[in-house]
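Here are some short exercises to work through with the model open beside you. Try each task before reading its solution.

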Amino acid sequence: LLIFSGQSNRPLAQAIAAGAAQDEMAPRLAALVPSTPTGPEECQDLMALTFRAHYFQAFAEVPSYSAWLRDADLTSTYQYEKRVLKLLQWGEPTRPWRLKCPSHLLWLEDLDRVFPDARFVMTHRDPAEVMVSVADLYVEVAGQFSEGASPTYLAHLNVDHWTTAMERLLAFRAAGNEDRFFDLDFREVQADP
């Protein structure tokens, strides 16, 4: 949420109240993915406006969507996101955007076509821990949107997508993009953000 100078803090107060209500309804989800209206937020909501967002997979078990999404061209999604970011920044001083969304790893080449000057902060974490954490998050979200969410399906889905993401990341870095990455240990970031 952006609060522009001279504007009322009413939108911020509304966002805080809505976030508190959501956290009360889903306390475990709030613990898994802490969020505040003025803190960092993933780009998923902007990507979802083009029906290409990784989190849709947690809403229902639709393997055909997951397979399509993994191999989809997200260039138009990133073009739309860039347009929205420009709109959000309109009338304000120019500043760099800091986008956060682990699923960007699946579509780095598409992101690069739209944001060719992008630089990447890569936090490194034990993949086994990540898979358990992500699958747990998907199971929690799925439980809110559907009955009978299959933890096994969600685990396999995430292993497939994140394996593909890591393969694409390594290929992107090896293709002459290594200097665009800044690597950090996840534990160090957690200890000193």
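**Exercise 1.** Find what the buried residues of helix 5 pack against.

*Solution.* Start with the partners: the buried residues of helix 5 pack against helix 3 (44-48) and helix 6 (108-114). Helices here are DSSP runs of H or I with at least four residues, strands are E runs of at least two, and both are numbered from the N terminus. Next, list the residues themselves: Thr75, Thr77, Tyr78, Glu81, Val84, Leu85 and Gln89 are buried, that is, under 20% relative accessible area with a 1.4 Å probe, counting protein chains only. Finally, look past the helix end, where Gly91 follows with a positive phi near 80 degrees.

A word on the source: this is a predicted model, in which local features need pLDDT of at least 70 and side-chain atom pairs pLDDT 80 or more, while totals for chains, interfaces and linings use all residues. Residues are numbered from 1 along each chain as its sequence is written, and side-chain values use heavy atoms, leaving out hydrogens and water.

**Exercise 2.** Work out how helix 4 and helix 8 are oriented to each other.

*Solution.* Take the angle between helix 4 (residues 63-71) and helix 8 (residues 151-177): about 10 degrees, with the axes 11 Å apart. Axes are lines fitted to C-alpha atoms over the stretch in contact, and angles run from 0 to 180 degrees between N-to-C directions. The two helices are therefore roughly parallel, a term for angles under 35 degrees. Last, pick out the contact (heavy atoms within 4.5 Å): Pro63, Ser66, Arg70 and Asp71 of helix 4 meet residues of helix 8 including Tyr153 and Arg168.

Methods: Parallel < 35°, antiparallel > 145°, perpendicular 65-115°, else oblique.
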